[in-house]
Each structure stands twice: as C-alpha cells, then as structure tokens.
Amino acid sequence: MKIRSHRIQLFLLQVAVIALKIPFLTLGFGPEEDAWGHVYNIIEIFEQGHYIVSRLPGHPAYEALMFLLFPLIEFPFIINVLSALAAAFAIREFYRIAVFIGIKRPVLWTLAFALMPAFFLCSTYAIDYSFTIWLILLSTRMLLKRRYVSAGLAIGLATAFRITSLAMLLPAVLYLYMQKSRFRNYLLILLSSAAVSLVFYTPAIHQYGIGFFDYHKPPGPGFLKAFYKLTFGAIGIMGVAGCILLVINVAKNSIGQVVIGLKNPFSIYLLSGLMLFVLSYLMLPEKSAFAIPIYNFFFLILGTFENKGYQDYGLAMMCISLFAFGIQFIHPFRGANPLSYSISVQSADQEIQFSPHVGLYFSELQKRKNKLKYANAAYETLAGMPPSQTAVITGWWYAQLKTMEWLRDEELPVKLVYYVNEKELEELVRQGYQFRHLEDLHEVNDRLKNTNIQLRSEPITISYDEQ
C-alpha cells in the first residue's frame, strides 16, 4: 500500500509540475537564442535540402526530433510541451532511483529536483536539456538494475542530444570496476553507447569531418557571473541555503557516514559524475542549465546520507526556491520589470533586483513576455522600413526574426545578419550595404568579432506603441 501511495503522489507531482509550466509553454519557442536556433535550423535544412548542424558539435537527436515535427512548428506549444513531458519522465526516473537506493522521503526529494529553477524553466521551451537529463537518469537506473545494454543505449542517446553526456561512460566504468563486474559487461555498455552515438553523429562527421568536434566558445562571463549561474541562477537563493543546511546536517550527524558512503560503488558513480559535470561547466560557464546534471547527482548523494534533524527544513527551502527570494535582471525587453519592495543594485551597467516576495518563476515569465513583445515590435518595425541595401545586425534576435519571417511567408525589405567578421563586413560594404543594428548589438559585434562597426552602423528605434 505504501508503494502504491508513493506512486500516486509521484503521478500527482508530475501533473502539478506540468500544470505550473503551462503559462510558459505558450510564449513562442522560449527565451534562449539556441531554442529559436533549433527551429530555424530545421527551416534551413528543408529549404537547402541537406543536413546543417544547429551548432557544433551538434545535437543530432534533438535536430532529428525537430525534423520530424517540422509540420508543427507553427504551434510552439506542441514543441514546448514535449520538453515538459521529457522532464516528467526525468522526474519519474529520479524517483525510481531514489527508491531503489533507499533514500528516505523519496517523493519530497523528487519534488525538490522537479522544482529546481534551472531544470523547471529549461523544460518549458524548445531545447534539449530535459531530454538529456531524462536519459542520463534512465542510464543510471539501468546500470543499477544490471541492464548494461540498456544503460549503454541510454548514454548513447543522451550523447546524441548533448555530447557532454558521453562523459557518463567513466562513472559507469568505475561502477563496474568497484562491482568487480565481468569484462563482458564493460563491452556491452561501451559498444552499445558508442554505436548509438556514432549513428546519430555520422551526418555531422560526414559533412564536417573531424572538425565537427568543436563547440561554441563565447567570451567568458567572468567569475561572479559564472558563480551566480552555477549557484543562485541554477537552484535559487533558498535552494543554496537548503543545500548548505543539508550538508551541515550530514556532517553534524556523523562524518563517519560520509567516509563509509564513499566506499559504496554507487556513491563513487554519483560523485564522479558530479565532478565531471563541474569540470564541463568550468570549461564553458555560459548557462545555469549546464549545472543541472551537477545538482541532479548532488541531490542523490545528499539523499543517501542520514539527515536527521533538519532534512525537512532543507528540502522545504529547496522546494520553494523557485517561487521566492529571486534575483532578477531588470531590462525593458530582455529582462523582468522592476518591482516594488525590492533591493536594486547596478552591476556592469545592468540593474539587478533582489525581491524576497518574487522568485524566478514569476520573473522568468515576465522576461519571456517582454522578449516576445520586443521581437514582435522589432519585426513590425523592420517590415515597415522601405526596401533598401540595409544590413541589420540582429545578434541574439537573428534566429527568432528569421523564423518569424518564414512563418509569416514574407520577405523583409532589409537583410538580417547575425554578427559579421571583418571579411564579411567589407564584402557587404563592397556590395553597397549600409549598416543598422538592434539595441547595442554593434558593440557586441565589435567585441565578439574584433571589428569597428560602431563607426559605420546606426541604431533602429523600436517602439512598443505599435503593439
């Protein structure tokens, strides 16, 4: 009866979490440039008739999914809800692992995982994160159940969604080694994961050669921003406080249980996975979503220890972190709106607000509405310009505006460009193009591409009065 009760609680948890996501699912394809990039990538593939990687080294499984869903891209809700469903499957896998390894209060730990701000929010739009986490957790459960082919297949498919998932082979091998597993099992997991990965990445390898194994390298965000994204941006202020409380509680109960736990093969598996994704994040500390696998393993590690005393308080803090004590980036069209009863500070020409009564759930919803409103206003402004030899630097708005142009089946009277390097700049000048830009993207172009386009480009004023 207890197991049945927990399963009912899990199902209700999954339904409640999906219901909380509904307001986000209707707001275009999401707030990330990469989300709109996935959509426009499929449009380009259909128009040009051959495979085009969305961004090196590619996300071939998600690209394949988007390819199959191409007739439905006029309905962002359908695309977004698939991410929410993948997250629901990930929640189920987390719960089943928690039960399998004997974590007390598995439903509450699963709720903390489900409401982790970075995980919750990234599962509401057209991106691969929730699919990747689901498959990593599935491979973990299959490994625990000694279904090594299934574990390898899940790792291979997770790798096809996001290539960093291939690193999970190392924790798996360590786990098998500590279990004194037969050599045959090493081969099963290695070969099955390699076969699936190779199948999905073959088009990219065929088209780009060994050069496909590359990745986007934007300028580093700086220590403070990288630290924020890893901590408060990923799990919120209350989430950080809850984790600290639980760590202190584990140490208080008995440091000996930590030493004993580290001798457990599955603890080594979780710890090595955590460390690998910490290393991956440090190499590219670009987004809070990159920290999701870190906390995925960290929560399971914490849950395995005795947490007498403060566990419920720590878990409660983690569960409410999404809804309170938020840190908001304030911006008229790329951030949230300023709020009363908040503390504001300026950081690198950006306004940051701390709002105890508003969490990331509400500020992220406002941010997405503002971004969609600006994109629509920008599109209408560009559509109303007279035809001319004008190249507009659109930067992170590029894929969104190009997708809107395709969906509306009309050609804008100006040429949209992403960013331009010096060679591309000179070629456009030679062709007679004049340059304009949205917001401050001419400065971003000069910083990223080492150009001096600030001297050649003029801003385009976007008015919201037209909306």
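**Helix contact and two exposed loop residues**

In this predicted model, Phe227, Tyr228, Lys229 and Leu230 of helix 11 meet Phe232, Gly233 and Ala234 of helix 12.

Trainee: What makes helix 11 roughly perpendicular to helix 12?

Mentor: Take the axes of helix 11 (residues 223–230) and helix 12 (residues 232–253). They cross at roughly 70 degrees and come within 6 Å. Roughly perpendicular covers 65 to 115 degrees. The crossing angle falls in that range, so helix 11 is roughly perpendicular to helix 12.

Trainee: How many residues of each class does the contact of helix 11 with helix 12 have?

Mentor: The contact has 5 nonpolar, 1 polar and 1 charged residues. Gly counts as polar and Lys as charged, so Gly233 is the polar residue and Lys229 the charged one.

Trainee: Now the loops. Why is Arg146 called exposed?

Mentor: Its relative accessibility is 60%. Exposed means over 50%, so Arg146 counts as exposed. Arg146 lies in the loop between helix 7 (129–144) and helix 8 (148–161).

Trainee: What is the phi of Arg146?

Mentor: Phi of Arg146 is near 65 degrees, a positive value in a residue other than glycine. Most residues other than glycine have a negative phi.

Trainee: How do you know that Lys180 counts as exposed?

Mentor: Set 75% relative accessibility against the cut-off of over 50%. The value passes, so Lys180 counts as exposed.

Trainee: Where does Lys180 lie, and what is its phi?

Mentor: Lys180 sits in the loop between helix 9 (169–178) and helix 10 (183–208). Its phi is positive, about 55 degrees, although Lys180 is not a glycine.

Key. Residues numbered from 1 in each chain as written. Predicted model: local features only at pLDDT ≥ 70, side-chain atom pairs only at ≥ 80, totals over all residues. Heavy atoms only, no water. Helix = DSSP H or I, 4+ residues; strand = E, 2+ residues; numbered from the N terminus. Buried < 20%, exposed > 50% of the residue type's maximum accessible area, 1.4 Å probe, protein only. Axes fitted to C-alpha atoms, helices over the stretch in contact; angles between N-to-C directions. Parallel < 35°, antiparallel > 145°, perpendicular 65-115°, else oblique. Contact = heavy atoms within 4.5 Å.
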